[in-house]
Amino acid sequence: MKSIGVLLVLLFTQTSLFGQKTIRLTVKEECVPCRRMMAQTCFQVQKNGSKTWELFYERIAGFEYVAGNRYVIDVIETERPEPVPQDLSRYTYKLGKVISVTPMISTSEGVLYKVIRMNGKEVVNADVSFSFDSTYHQIAGRSGCNNFTTPIKMNKKQSKICVKTGASTKMACPEMESKIEDEFLKSISEKSFKISHKGGLMIWTAKKKEVLVLETASMPLPQDPSSTGRPEKTPWNYFNQQNLKLIQMDGVTVKDSKAVLKIDMSTNSFTGSNGCNRISGNMKTTRNTVAFFDIISTKMMCTDALVATTERRFMEIIGSKGLTVDFAEQVFNIYDSSGKLVLMFAVDATK
């Protein structure tokens, strides 16, 4: 009994040191619309073996999510240092380990299923891929050279699929692509398949013979986002042109901070102050990353030693690579390449 008690103490210590613990998440293959600060998308997760799906609003540093895959991951949950702004989660999350990745059938926009092997042969030099429509009644994509679409039927468990004869464009194709295309269309038309998963791949078999091996991929984004007619709204839009005051750096509250940023998403630029000198420059953003470059600063002497130290560290951080971000109500956070929270800004309501 004593040895069991010691083991339990050790296990608790391993998962709870320094305000940290490891949780296991199953992340569903589809995100869903949600709202906290503004309209966004959220993971759907099951925590620590739960059978109930719940929304997960937070960013998981180091986790590269591809819709269409179901993930089982270990995540390190860490308490933020006090004080924590009221509208920010008490915890940050960082990927610990990917346990498994399983391609699942998904109608999420932007999800492609790419054929990497067909009838036992690797598919090279041809784009054979497709996506499912929102009703699961049709697949459409590239058959090697041409575009194709075809009706389907699936069972509720999505373990069996019947593919009907479809339609295809008739462009002239190079010989190799044409040969692959003919084989693909012949292999799926008027056929029924069992769907299984192995080694992060989706396998379609007919009469106990492997026909297609698929992996999930993301559709390439249009070069001109406005061409979709539906410009995506992200938290960056909310913080655009706001006065963002530095309230925490390297986990330490910055009192009476004069360091501020103002971002302009229309020109991908920023202006502000590092606490003493004026700064400006350009920036590049994605939903979860930011890079500052072409940074210009005035050269005034800072007589306050604390301000000068803060200024040097501030400039060091924004000039570094691998910065990632997340957002909460009125709060904008920047993390370094290791996942450490290094800068925390809040909307300055006094301006």
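Let us begin with Tyr-136, which counts as partly exposed, at a relative accessibility of 22%. Buried would require a value under 20%, so Tyr-136 at 22% does not qualify. This residue sits in the loop that connects strand 10 (127-132) to strand 11 (138-144). Its phi is near 60 degrees, which is a positive value in a residue other than glycine. I should say at this point that the model before you is predicted.

A second residue invites the same description. Asp-250 has a phi near 55 degrees, again positive in a residue other than glycine. Where is Asp-250 placed? The residue belongs to the loop between strand 18 (244-249) and strand 19. With a relative accessibility of 26%, Asp-250 counts as partly exposed.

Allow me now to set these loops in the context of the whole protein. The protein contains four helices and 26 strands. Of its 351 residues, 39% are buried. As for contacts between residues at least 6 apart in sequence, 52% of them join residues at least 24 apart.

I turn next to helix 2, which covers residues 175-188. Its 14 residues should span 20 Å at 1.5 Å a residue, and the C-alpha atoms at its ends are indeed 20 Å apart, so the expected and modelled spans agree. Which residues of helix 2 are buried? They are Ile-180, Glu-181, Phe-184, Ser-187 and Ile-188. Viewed down the helix axis, the buried residues of helix 2 fall within an arc of 135 degrees, and they therefore line one face of the helix. The general background is that an α-helix has 3.6 residues a turn, so residues three or four places apart point the same way. On the other side of helix 2, the exposed residues are Glu-175, Lys-179 and Lys-186. After helix 2 comes Glu-190, and the phi of Glu-190 is positive, near 55 degrees.

We may now consider two residues that lie in strands. Thr-205 is found in strand 16, which comprises residues 201-206. Thr-205 and Lys-194 are eleven residues apart in sequence, while their C-alpha atoms are 5.3 Å apart in space. Which residues does Thr-205 touch, leaving aside those up to four places away in sequence? The list consists of Ser-192, Phe-193, Lys-194, Glu-210 and Val-211.

The other strand residue is Asn-333, located in strand 25 (residues 331-335). Is Asn-333 buried or exposed? Its relative accessible area is 0%, and Asn-333 is therefore buried. The side chain of Asn-333 also makes a polar contact, at 2.8 Å, with the side chain of Asp-326.

My last topic is the second largest pocket. This pocket holds about 380 Å³ of space. It is lined by 17 residues, of which Val-254, Lys-255, Leu-306, Val-307 and Thr-310 are the closest to its centre. Which elements each supply at least two residues of this lining? Strand 19 (252-253) and helix 4 (305-318) both do so. Helix 4 gives the most to the lining of the second largest pocket, with five residues. Strand 19 has already been mentioned, as the loop that holds Asp-250 lies between strand 18 and strand 19.

Methods:
Residues are numbered from 1 along each chain as its sequence is written. This is a predicted model: local features need pLDDT of at least 70, side-chain atom pairs count only at pLDDT 80 or more; totals for chains, interfaces and linings use all residues. Side-chain values use heavy atoms; hydrogens and water are left out. Buried means under 20% relative accessible area, exposed over 50%, partly exposed in between (1.4 Å probe, protein chains only). A polar contact is a pair of N or O atoms within 3.5 Å; within protein, one must be able to donate a hydrogen and the other to accept it, and residues adjacent in sequence count only if both atoms are side-chain atoms. Contact means heavy atoms within 4.5 Å. The expected span of a helix is 1.5 Å times one less than its number of residues. The arc is that of the directions from the helix axis to the C-beta atoms. On a 1 Å grid over the protein atoms alone, a cavity is a set of points where a 1.4 Å probe fits but cannot get out, and a pocket is an open set with protein on both sides within 12 Å along at least five of seven lines; lining residues have an atom within 4 Å of a point. Grid points are joined across faces, edges and corners, and a volume is the space filled by probe spheres set on the points.
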